[in-house]
Amino acid sequence: MAGTYDIAGLELTDDNYTVEQSLIRNKYKALDGAGNVVLRGKQKMFKLKEEFPFVDGDGNDVFSVKAGSMFDVAGNYVLSDSQTGEDLVVLDNDFSIFQDTWTVRDVDTGEALATLDSRGALYTLARHYLPFGSLIPHKYEISDPNGGHVGTIQAHFSIRDRYDVTIDDATNVPKEPIVAAAMVIDAIQNH
């Protein structure tokens with residue numbers, strides 16, 4: 001399954017990545033276990049549809065993530081391979097005040113490939129509704145379509161967003177869209 005969602009020009013082979021946000025705006029980089037930049041992404045400003053182009057560590061275009069509709073603040077985002085032009089997966093948000101859930105889906109069939117769930121109602125409520133709630137580090141559990149543990153996204157308490165993406169078992173999920181989703185979710189929700 002995971003091989004059918006490969007992004008041309010990008011191969012993420014590590015199981016742990018550190019994602020850091022720039023201090024200035026929604027601009028991100030992902031580092032592998034050795035500290036090498038393997039992916040960079042930034043939110044394009046002043047677009048009718050939100051757009052996040054991503055480049056590899058050498059600056060080559062690898063994929064982009066675009067909102068499914070204008071001003072889509074919690075909905076569908078399509079991940080497209082920049083080299084082939086093919087739409088690969090959809091990042092689908094199912095937001096409630098108690099639980100923040102993102103699903104990585106097949107772009108054609110809508111089949112769930114992975115789910116990213118926030119850590120619980122109290123944290124979700126606090127992060128979204130308390131003054132300075134965004135300073136509470138977020139955590140997502142990554143699961144396969146059957147609910148099996150895949151990994152976690154764990155934020156660190158800091159001025160700028162910095163978090164670890166750990167993938168313990170990527171046997172049944174596409175790794176690249178999971179790392180991309182971590183950056184896009186952060187930007188969309190201003191974590």
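The dialogue below walks through a predicted model of one protein chain, feature by feature.

Q: Which helices and strands does the protein chain have, and how do the elements run from the N terminus on?
A: A good first step is to count the elements and then to follow their order. The protein chain has 2 helices and 12 strands, and from the N terminus on the elements run β-β-β-β-β-β-β-β-β-α-β-β-β-α.

Q: What share of the residues of the protein chain counts as buried?
A: Burial is read residue by residue, and the total then describes the chain. Of the 191 residues of the protein chain, 46% count as buried, while the accessible surface comes to about 9400 Å², with 51% of that belonging to carbon and sulfur atoms. Contacts add another view: among those between residues at least 6 apart in sequence, 38% join residues at least 24 apart.

Q: How many bridges join strand E1 to strand E2, and in which sense do the strands run?
A: Strand pairing is read from the bridges and from the direction of the two strands. Strand E1 (residues 16-21) and strand E2 (residues 27-31) run antiparallel and are joined by 4 bridges, with Gln21 standing opposite Tyr28 in E2. On to the next strand, E2 pairs with strand E3 (residues 37-42), again in the antiparallel sense, over 5 bridges, and here Tyr28 stands opposite Gly41.

Q: Which residue in the turn between E2 and E3 has a positive phi?
A: In a hairpin, one looks at the residues between the strands and at their backbone angles. E2 and E3 form a hairpin with 5 residues between them, and Gly35 in the turn has a positive phi of about 90°. The hairpin of E8 and E9 also has 5 residues between its strands, and there Gly110 takes a positive phi near 80°.

Q: What else can be said of E8: is it largely enclosed or not?
A: For a strand, one can ask how many of its residues are buried. In E8, 6 of the 7 residues are buried, so the strand is largely enclosed by the rest of the structure. E8 runs antiparallel to strand E9 (residues 112-118), to which 5 bridges join it, and Arg105 stands opposite Ala112 in E9.

Q: How many aromatic pairs does the structure hold?
A: Aromatic pairs are described by the distance between ring centres and the angle between planes. The structure holds 2 aromatic pairs. Phe54 and Phe63 form a stacked pair, 4.5 Å centre to centre with 20° between the planes, and both of these residues are buried. The ring centres of Tyr77 and Trp102 are 6.1 Å apart and their planes stand at 45°, so this pair is tilted. The tilted pair links distant parts of the chain, since Tyr77 is in strand E6 (residues 76-81) and Trp102 in strand E8 (residues 100-106), 25 residues apart; both Tyr77 and Trp102 are buried.

Q: Which residues have the most contacts inside the largest nonpolar core?
A: In soluble globular proteins, nonpolar side chains tend to be buried together. Here the largest nonpolar core has 45 residues, and those with the most contacts inside it are Leu39 and Phe63. Helix H2 (residues 175-189) supplies the largest share of this core, 10 residues. Beyond its neighbours within four places in sequence, Leu39 is in contact with residues including Leu10, Phe54, Phe63, Val179 and Met183.

Q: Is Val55 buried or exposed?
A: A single residue is judged by its relative accessibility, and buried means under 20%. Val55, in strand E4 (residues 51-56), counts as buried because its relative accessibility is 19%.

Note on methods:
Residues numbered from 1 in each chain as written. Predicted model: local features only at pLDDT ≥ 70, side-chain atom pairs only at ≥ 80, totals over all residues. Heavy atoms only, no water. Buried < 20%, exposed > 50% of the residue type's maximum accessible area, 1.4 Å probe, protein only. Contact = heavy atoms within 4.5 Å. Areas by Shrake-Rupley, 256 points an atom, 1.4 Å probe, with all protein chains shown as cover. Pairing = 2+ DSSP bridges. Phe/Tyr/Trp six-rings, centres within 6.5 Å; stacked < 30°, edge-to-face > 60°. Core = buried A, V, L, I, M, F, W, Y, C linked by side-chain atoms within 4.5 Å.
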